[in-house]
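Colleague: Could you walk me through the helix packing and the empty spaces here, and tell me what stands behind each label?

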Amino acid sequence: YGKLARLDIEGLEAGARVDVKGKKNKTDFALWKFSPKDQKRDMQWESPWGIGFPGWHLECSVIAYESLGEQIDLHTGGIDHIPVHHTNEIAQTESVTGKQFSKFWFHNNHIKINGTKLSKSLGNSYTLQDILDKGFSLEAFKLMVLSSSYRTEGNFTCDILEATQNRLNNWQAAADLRWQVSEAGHDEEGDTSPQEEAIINATQQVLLALQNDLDTPFALSVIDEVVNRVEKEELSAESATSFEKMLTEINQLLGVNLLKPDITDEQKQLIKDRETARAVKDWAKSDEIRSQLKAEHLEVRDTPHGPIWSRT
């Protein structure tokens, strides 16, 4: 008992959490609880021991057993579940099956708010709707969580989330460059350009990072490097194909979807019309079209190689 948490059984203080009455050992915990005699609970059942309900440790063991069988590959949860809940799940499940309950355990640390533990009394918690109401995307929040190891304690502030939103916007702008490829850097058929090779290698590094104890911070840094390279160099048609494969991997492995569709033909025509206006120095028309595109959440950046659009 207590092998997961490496509990010091002898050092445990009996009665520290619950009444020791009826216990044979100080590590005993409730498998079945009795309903109060003076009230009816919403969920209670007849049993050989009386009307009652299962302990919450038992609920989880039964759900796992009924859904996945006598053994499972991976069990997740917060670090606070190690010493009691997960320890008790192991005890009762392995007592029934005689087999190892879970092959791997994955425990994540917690996130604080402005360096303070979340508390109902402090009223310092946020909902996902709160994040949306502040103008941030939920994928930015997801990226913020992934930017630190699951083993370390995280911290949530609006400043951190804003920085992460900017990071996500940069990623999206780079991802949209695959719709704006050039013939620059085109090599002979069968050859791999340095740009394309860098993207292929980065895709492999992301997977290797996640295989290394889910090292998401390193995986994100690898993506940052590719994004910076794609922004500095014109993306060739060959590299765009490999880049799209990388974006697909990012979506599948990290749950961050950068595979947004191309802009419409009407929006492309507006960008061409703006270039025509600029060529004849019709700045009023150029600014009007830029404002129209901005209203459609498109930003246009002028470069020596022509206009580049990105989403806002």
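Modeller: Gladly! Let me begin with a term: a cavity is a set of grid points where a 1.4 Å probe fits but cannot get out, and a lining residue has an atom within 4 Å of such a point. Please keep in mind that this is a predicted model.

Colleague: Thanks. Which residues line the largest cavity, then?

Modeller: Its lining consists of Q195, A198, I199, V226, R229 and V230. The space inside is about 30 Å³, and the structure holds 1 cavity of 30 Å³ or more. Helix 6 and helix 7 are the elements that give two or more residues to this lining.

Colleague: What makes up the lining of the largest cavity by class?

Modeller: There are 4 nonpolar residues, 1 polar and 1 charged. Arg counts as charged, while Ala, Val and Ile count as nonpolar.

Colleague: Now the helices themselves. Why is helix 6 called roughly antiparallel to helix 7?

Modeller: Helix 6 (residues 194–211) and helix 7 (residues 216–232) pack at about 170 degrees, their axes being 8 Å apart. Angles over 145 degrees count as roughly antiparallel, so helix 6 is roughly antiparallel to helix 7. Their crossing is left-handed.

Colleague: Which residues make that contact between helix 6 and helix 7?

Modeller: From helix 6 come P194, Q195, A198, I199, A202, Q205, V206, A209 and L210, and from helix 7 come T216, F218, A219, V222, I223, V226, R229 and V230. Sorted by class, the contact has 13 nonpolar residues, 3 polar and 1 charged.

Colleague: And what makes helix 6 roughly parallel to helix 8?

Modeller: The angle again. Helix 6 and helix 8 (residues 237–254) pack at about 10 degrees, with 8 Å between their axes. The cut-off for roughly parallel is under 35 degrees, and therefore helix 6 is roughly parallel to helix 8. The crossing of this pair is left-handed.

Colleague: Which side chains should I look for between helix 6 and helix 8?

Modeller: On helix 6 the residues in the contact are Q195, E196, I199, I200, A202, T203, V206, L207 and L210, and they meet E238, S239, S242, F243, M246, E249, L253 and L254 of helix 8. This contact divides into 10 nonpolar, 4 polar and 3 charged residues.

Colleague: How do you know that helix 4 and helix 5 are roughly perpendicular?

Modeller: The axes of helix 4 (residues 138–146) and helix 5 (residues 158–176) cross at roughly 105 degrees and come within 8 Å. The range from 65 to 115 degrees counts as roughly perpendicular, so that is the label for helix 4 and helix 5. E139, A140, F141, L143 and M144 of helix 4 meet I160, L161, T164, Q165, R167, L168 and W171 of helix 5. By class, these are 8 nonpolar, 2 polar and 2 charged.

Colleague: One last space: what surrounds the second largest pocket?

Modeller: A pocket is an open set of points, whereas a probe in a cavity cannot get out. The second largest pocket has a volume of about 430 Å³. Its lining has 23 residues, with L177, Q180, G306, P307 and I308 nearest the centre. Helix 7, helix 9 (265–279), strand 7 (298–303) and strand 8 (306–311) each give two or more residues; the largest share, 4 residues, is from strand 8. The classes are 10 nonpolar, 5 polar and 8 charged.

Conventions:
Residues numbered from 1 in each chain as written. Predicted model: local features only at pLDDT ≥ 70, side-chain atom pairs only at ≥ 80, totals over all residues. Heavy atoms only, no water. Axes fitted to C-alpha atoms, helices over the stretch in contact; angles between N-to-C directions. Left-handed = near helix turned anticlockwise from the far one by under 90°. Contact = heavy atoms within 4.5 Å. 1 Å grid on protein atoms, 1.4 Å probe; cavity = no way out; pocket = protein on both sides within 12 Å on 5 of 7 lines; lining within 4 Å. Points joined across faces, edges and corners; volume = space filled by probe spheres on them.
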